[in-house]
Amino acid sequence: MRLARPAEASSIANLSRELIEYGLRWRWTPTRVAASIRAPDVNVLVACVRGNIVGFAIMRYGDDEAHLDLLAVAPPYRRAGVGRQLLQWLEKCAVVAGIFRIALEVRAENEGAQAFYQRMGYRPLVQLSGYYQGIEAALRMGRDLSRRSVEHGVEGTLAKLLGPDFYHQTFFLDAARSLNIRI
Ligand SMILES: CC(C)(COP(=O)(O)OP(=O)(O)OC[C@H]1O[C@@H](n2cnc3c(N)ncnc32)[C@H](O)[C@@H]1OP(=O)(O)O)[C@@H](O)C(=O)NCCC(=O)NCCS
């Protein structure tokens, strides 16, 4: 798993057209993906097997909230934890940047992806009719990363006992360590 290179914009855009934007006008063109790769507030992440891109994800980081623009894994590589790893990598970057809210939109009919996001801790927020070019509705989903403490075992219990600062500090350090950032 690594950040995408500018030369990979076309491959990523083609995957988006095929796996995510099917039946819609192609919006994530090579030009747009290339702009995301260059943008300082966006991470374009790829998962590769033997040099081929088998999955990718794009997350935009704002001041208080990050937005997952795209995420897809090629069919032969699904249900092997690739989507989970891509998403968790991008979430950790958000935490390191002090951003705890993540939002995304998913096609209303895409029940598989919705189940995946639910499994990853995202909750449905609102249904947006006609969101995709007036053709299809979207379900907006979101996750508050700072709430992880309440939901997860021993760490959650410690956080409740010691207060939210403890939790944020340990989660921050954990995220920084896994991204090889020295603090
Ligand atoms: C959604 C998607 C990215 C998931 O990627 P993935 O690599 O298969 O997901 P993971 O293997 O990391 O799944 C983690 C967990 O999520 C859940 N999950 C994943 N896909 C699921 C599905 N289709 N149905 C139900 N649950 C699912 C499972 O609990 C899974 O764990 P398990 O396999 O141990 O049961 C992938 O199916 C995909 O690319 N879909 C097409 C594009 C798309 O819809 N993108 C999202 C909207 S932009």
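This passage walks through a predicted model, taking in a set of paired strands, the surroundings of a ligand and one residue of a helix.

A good place to begin is strand β3, which spans residues 52-61. Is this strand mostly covered or mostly open? Eight of its 10 residues are buried, so β3 counts as mostly covered, buried here meaning under 20% relative accessible area. Strand β3 has partners in both β2 and β4. With β2, made up of residues 42-49, the pairing is antiparallel and extends over eight bridges. Within this pair, leucine 45 faces alanine 57 of β3. The two strands form a hairpin with two residues between them, and there arginine 50 adopts a positive phi near 45°.

The pairing with β4 can be followed in a similar way. Strand β4 covers residues 65-73 and runs antiparallel to β3, with seven bridges joining the two. One example of this pairing is methionine 59, whose bridge partner in β4 is leucine 68. Here too the strands make a hairpin, and three residues lie between β3 and β4.

Strand β4 also leads to the ligand, being one of the elements that give two or more residues to the shell around the ligand. Where does the ligand sit? Its place is the largest pocket. The elements giving two or more residues to its shell are β4, α3 (82-96) and α4 (111-119). Of these, α4 gives the most, with six residues. In total, 19 residues surround the ligand, and those that come nearest are Leu71, Val73, Arg79, Gly83 and Asn110.

Which atoms of the protein approach the oxygen atoms of the ligand? Asparagine 110 places a polar side-chain atom 2.6 Å from a ligand oxygen. Alanine 80 takes part through its backbone, with an N or O atom 3.1 Å from an oxygen atom of the ligand. For arginine 119, a polar side-chain atom lies 3.5 Å from a ligand oxygen. Taken alone, the ligand would expose 910 Å², of which the protein buries 78%.

A last stop is isoleucine 37, found in helix α2, which comprises residues 30-38. Why is isoleucine 37 classed as buried? Its relative accessible area is 15%, and because the limit for buried is under 20%, isoleucine 37 falls into that class. This residue can also be placed relative to alanine 7: the two are 30 residues apart in sequence, and their C-alpha atoms are 9.8 Å apart in space.

Conventions
Residues are numbered from 1 along each chain as its sequence is written. This is a predicted model: local features need pLDDT of at least 70, side-chain atom pairs count only at pLDDT 80 or more; totals for chains, interfaces and linings use all residues. Side-chain values use heavy atoms; hydrogens and water are left out. Buried means under 20% relative accessible area, exposed over 50%, partly exposed in between (1.4 Å probe, protein chains only). Helices (H or I, at least four residues) and strands (E, at least two) are DSSP runs, numbered from the N terminus. Two strands pair if DSSP finds at least two bridges between them. A residue is near a molecule or strand if one of its heavy atoms lies within 4 Å of it. A polar contact is a pair of N or O atoms within 3.5 Å; within protein, one must be able to donate a hydrogen and the other to accept it, and residues adjacent in sequence count only if both atoms are side-chain atoms. Accessible areas come from the Shrake-Rupley method with a 1.4 Å probe; for residues, only the protein chains shown count as cover. On a 1 Å grid over the protein atoms alone, a cavity is a set of points where a 1.4 Å probe fits but cannot get out, and a pocket is an open set with protein on both sides within 12 Å along at least five of seven lines; lining residues have an atom within 4 Å of a point. A molecule sits in a cavity or pocket if more than half of its atoms lie within 2 Å of its grid points.
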